Amino acid sequence: MKIKSVGEFEFIEKVKKRLPKLKNAVLGIGDDCAVIDYTKDKYLLLTTDMLIEDVHFDLSKVSAFKVGGKALAVSLSDIAAMGGIPKYCIISLGVPRNMQVTTLDDFYSGFLKLAEEFDVELIGGDTNASEKFICDVCAVGEVEKKFLIKRSGAKVGDGIFVTGSLGGSIKEKQYEFTPRVKEARILVENFKIHSMIDISDGLSLDLYHVTDSSSVGAVIYDDCIPVSQNASSRKEALSGGEDFELLFTAPADVTEEILSKKLGMPVKKIGEIVQRREGVKIIKEKGKTELKKTGYKHFK
Ligand code: ADP
Ligand code: MG
């Protein structure tokens, strides 16, 4: 069977099933980061993300500087989604033989600018020749044990919230987004956040990641979804992906007004967590329908 007919998520599930039960790690495959015991009060967080030329970016359309920033930003976004603080990173590159050194320098300028901004130290990597330019960044972060937020913690009755606005990232935001590290820290330090994920595949798919791993259902309201000015349709806000905003759930008494004020940016309540048997639904003018699992899928 070909991988394209299996799909990314089914394939990862298959790999997960082959693995023995975790002996030492706290959390393995299935969340934004892996979690490892670290000190008495803290966990280590690990995540890796790969960008491939002509799959994720086209160097004739976007500067290597921006690609460098994004290469790190996507990993920082995953650390933020666990409530953590990024600390270190390692980068592996596949470099075409004819690539200009100045292009690589630009890539590093973008990468290191963001590293400085977030106080992340680059501590190693690997360099190889390849057909296309490939960069894989592994980031390491830490989080106080009491602040770790998983995808799997959503509870019936929770409100479902998103930071910022969604859709239209394909235009610019996919390279210029701010990983919500600061915002996630404000959330975990001030509220009882039950579950969290960063929106990389699209609101719809990422909400399913939360409901599936928490064994709950959800209902969201179409007219509450914060659609970006850059989105070409409401549908794009649901399934465009690469928004890198936070999607999280918190007890019913937490309001979007309190959250927006504390975070200093717009936070919208888009729905509620319900019983698993009620499924995942979206309420539109026309009525209630099942939320489509649309979003970014590799191999499809
Ligand atoms: P994210 O979008 O947050 O970066 P992914 O959808 O890439 O997360 O990955 C989901 C989960 O699957 C993560 O826990 C990740 O570590 C794991 N994963 C992805 N690819 C593989 C693989 N080839 N082998 C093992 N685990 C994988
Ligand atoms: Mg993620």
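# Two sheets, two cores and a magnesium site

A hairpin joins strand E11 to strand E12 through two residues. This is a predicted model, and that hairpin is a good place to enter it. E11 covers residues 280-284, and E12 covers 287-290. The two strands pair in the antiparallel sense over four bridges. Within that pairing, Ile-282 stands opposite Thr-289 of E12.

Now look to the other neighbour of E11. Strand E8, residues 217-221, pairs with E11 in the parallel sense, again over four bridges. Three partnerships can be followed along it. Val-219 has Lys-281 as its bridge partner in E11. Ile-220 has Ile-282. Tyr-221 has Ile-283. Strands of a sheet pair through backbone hydrogen bonds, either parallel or antiparallel. E8 also pairs with E10, in the antiparallel sense and over four bridges. There Ile-220 stands opposite Gly-271. E8 is mostly covered, with four of its five residues buried.

Step back to take in the whole sheet. It is open and has seven strands, in the order E7-E9-E6-E10-E8-E11-E12, with mixed pairing. E7 and E12 are the edge strands, and each pairs on one side only. From one strand to the next, the twist averages 25°. Helix H6 packs on this sheet and touches E7 and E9. Its direction makes about 5° with that of E9. Helix H7, residues 203-214, lies across E6, E7, E8, E9, E10, E11 and E12. H7 runs at about 145° to E7.

There is a second sheet to find. Five strands form it, in the order E1-E2-E5-E3-E4. This sheet is open too, and its pairing is mixed. Which strands stand at its edges? They are E1 (34-37) and E4 (121-129). Each has a single partner strand, so one side of each is left without a neighbour in the sheet. Neighbouring strands here are turned by 20° against each other on average, direction ignored. E1 and E2 pair in the antiparallel sense over four bridges. In that pair, Val-35 stands opposite Leu-45 of E2.

Helix H3 packs on this five-stranded sheet, touching E2, E3 and E5. The direction of H3 makes about 145° with that of E2. H3 has 18 residues and reaches 26 Å from its first C-alpha to its last. That is close to the 26 Å expected at 1.5 Å a residue. Is H3 enclosed or open to the outside? Of its 18 residues, 16 are buried, so H3 is largely enclosed by the rest of the structure. An α-helix has 3.6 residues a turn, so residues three or four places apart point the same way. After H3 comes Gly-83, whose phi is positive, near 85°.

H3 also leads into the interior. The largest nonpolar core has 58 residues. Phe-107, Phe-133, Leu-187 and Phe-248 have the most contacts inside it. Several elements supply at least two residues each, including strands E2, E3, E5 and E9 and helices H4, H6 and H9. H3 gives the most, with nine residues. Apart from this core lies another, of 22 residues. Among them are Ile-160, Val-210, Ala-237 and Ile-273.

Phe-133 gives a closer view of the 58-residue core. Leave aside its neighbours within four places in sequence. Its contacts then include Leu-51, Phe-57, Leu-59, Leu-93, Met-99, Leu-104 and Phe-107. Glu-53, Gly-94 and Pro-96 are in contact with Phe-133 as well.

One stop remains, the magnesium ion (ligand 2). Which residues are its protein donors? They are Asp-32, Asp-78 and Asp-198, each through OD, lying 2.0 to 2.1 Å from the ion. In sequence, the donor residues are spaced D-x45-D-x119-D. Asp-78 lies in helix H3, and Asp-198 lies in strand E7 (residues 195-198). The pair therefore ties together parts that are 120 residues apart in sequence. Buried means under 20% relative accessible area. Asp-78 has 10% relative accessibility, so Asp-78 counts as buried. Asp-198 has 1%, so Asp-198 counts as buried too.

Trace the route once more from this site. H3 carries Asp-78 and packs on the five-stranded sheet. E7 carries Asp-198 and stands at an edge of the seven-stranded sheet.

Technical notes:
Residues are numbered from 1 along each chain as its sequence is written. Chains are lettered from A and ligands numbered from 1 in the order in which they are written. This is a predicted model: local features need pLDDT of at least 70, side-chain atom pairs count only at pLDDT 80 or more; totals for chains, interfaces and linings use all residues. Side-chain values use heavy atoms; hydrogens and water are left out. A nonpolar core is a set of buried Ala, Val, Leu, Ile, Met, Phe, Trp, Tyr and Cys residues joined through side-chain atoms within 4.5 Å. Buried means under 20% relative accessible area, exposed over 50%, partly exposed in between (1.4 Å probe, protein chains only). Contact means heavy atoms within 4.5 Å. Two strands pair if DSSP finds at least two bridges between them. Axes are lines fitted to C-alpha atoms, for helices over the stretch in contact, and angles run from 0 to 180 degrees between N-to-C directions. The expected span of a helix is 1.5 Å times one less than its number of residues. Donors are N, O and S atoms within 2.8 Å of the metal (3.2 Å for Na, K and Ca); water is not among the atoms, so sites may look incomplete.
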